[in-house]
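Visitor: Pick one part of this and walk me through it slowly, please. I'd like to hear the cut-offs as you go, since I'll want to know what each word rests on.

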Amino acid sequence: MATLADYGPEVRAEVKQVREVVATLHEQLIKWNLVVWTAGNVSQRLHTADLMVIKPSGLRYEYLTPSSMVVCDLDGNVVDGAEAPSSDTASHAYIYRHMPDVYGVVHTHSTYATAWAATGQNIPCGLTMMGDEFGGPVPVGPFRLIGSEAIGEGVVETLKQYPKSPAVLMQNHGPFTIGKDAEAAVKAAAMTEEVAHTMWAAKQLGDIIPISQEDIDRLNDRYTNVYGQH
């Protein structure tokens, strides 16, 4: 089995940098109330090798450091790290193998998004910010058990049907989000919880007014190609 020492200095330098990024981003999950205790995880894939950095399993967030992050290959095998990797490692690895443009994956159990997952419902696209960020509803994926590639398979299968969405609500489990890096996936996780909460509140007031797909497409195009600094 390969170890980090088998890789060159460029790869080892990127591992050091990504460990720092991933460790720091776990603080954002706490900041945005997306996780409790040891639930949830962030990973980021490397550009210089088929490796990823992911949170260790069952370690409390206040104890996470760059050195405690675990380096795995894209089959989920540990390449470097003193701790066992997240129980979702195989699913993160599956997503990276089958979605080559994805370099960040996040899983949380945020309250409102997970409530939608528990009822097996898509979050309907009733907000312009959802058109912006998700290009439509936030979809529900199939029920899958933890500990193998099965959840990753469900995420990939679902996102093939909703290619503009960076989020999937895995039924009876919780949200998984993707991005061009781990920070983008964390942002998507925070946005998923925000719209889950708002749309839940809207349902308490009455029927949600849907946005037409034509307008959703216009919103998403503007957000993707015009909004922000370029």
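Guide: Let's start with helix H1, residues 9-31, which lies across five strands: S1 (41-45), S2 (51-54), S3 (70-73), S4 and S5 (104-107). H1 runs at about 155° to S1. (Helices are DSSP runs of H or I with at least four residues, strands are E runs of at least two, and both are numbered from the N terminus; axes are lines fitted to C-alpha atoms, for helices over the stretch in contact, with angles from 0 to 180 degrees between N-to-C directions.) This is a predicted model, so local features need pLDDT of at least 70 and side-chain atom pairs 80 or more, while totals for chains, interfaces and linings use all residues. Residues are numbered from 1 along each chain as its sequence is written, and side-chain values use heavy atoms, without hydrogens or water.

For a single spot on H1, take Ala23, which sits in that helix. Ala23 counts as buried because its relative accessibility is 8% (buried is under 20% relative accessible area, exposed over 50%, partly exposed in between, with a 1.4 Å probe and protein chains only). Once you set aside neighbours within four places in sequence, Ala23 is in contact with Thr65, Pro66 and Met69 (contact means heavy atoms within 4.5 Å). Tyr63 is 40 residues away from Ala23 along the chain, with 9.9 Å between their C-alpha atoms.

Now the sheet itself. Eight strands make an open sheet with mixed pairing, in the order S4-S3-S2-S1-S5-S8-S7-S6 (two strands pair if DSSP finds at least two bridges between them). S4 (78-80) and S6 (140-141) are the edge strands: each has a single partner strand, so one side of each has no neighbour in the sheet.

Begin at the S4 end. S3 and S4 run antiparallel and are joined by two bridges, and in S4 the bridge partner of Val71 is Asp80. The two strands form a hairpin with four residues between them, and Gly76 in the turn has a positive phi of about 90°. On its other side, S3 runs antiparallel to S2, with four bridges joining them; here Val70 of S3 is the bridge partner of Ile54. The side chains of S3 split two ways: Val70 and Cys72 point one way, Val71 and Asp73 the other. Those four residues are all buried.

Ile54 deserves a closer look. Ile54 belongs to strand S2 and is buried, with a relative accessible area of 0%. Beyond its neighbours within four places in sequence, Ile54 is in contact with Val42, Ser43, Met69, Val70, Cys72, Pro85, Ser86, Thr89 and His92. Ala84, which lies 30 residues from Ile54 in sequence, is 10 Å away, C-alpha to C-alpha.

Two of those contacts, Thr89 and His92, lead on to helix H2, residues 89-98. H2 lies across S1, S2, S3, S5 and S8, and runs at about 140° to S2. H2 is mostly covered, with eight of its ten residues buried: Thr89, Ala90, Ser91, His92, Ala93, Tyr94, Ile95 and Tyr96. Those buried residues pack against S1, S2, S3, S5, H5 and S8.

That list brings in helix H5, residues 150-161, whose axis comes within 7 Å of the H2 axis and crosses H2 at roughly 40°. From H2, the contact uses Ser91, Tyr94, Ile95 and His98; from H5, it uses Ala150, Ile151, Gly152, Glu153, Val155 and Val156.

At the other end of the sheet, S7 (residues 167-170) and S8 (residues 174-179) pair in the antiparallel sense over four bridges. Leu169 stands opposite Pro175 in S8.

There's one more helix pair to mention. H3 (residues 111-118) and H6 (residues 182-205) pack at an angle of about 65°, with their axes 7 Å apart. H3 brings Thr111, Tyr112, Ala113 and Trp116 to the contact, and H6 brings Thr192, Glu193, Ala196, His197, Met199, Trp200 and Lys203.

Last, the cysteines. A search of the whole structure finds zero disulfides (a disulfide is a pair of cysteine sulfur atoms within 2.5 Å). Cys72, back in S3, is buried with a relative accessible area of 0%, and Cys125 is buried at 8%.
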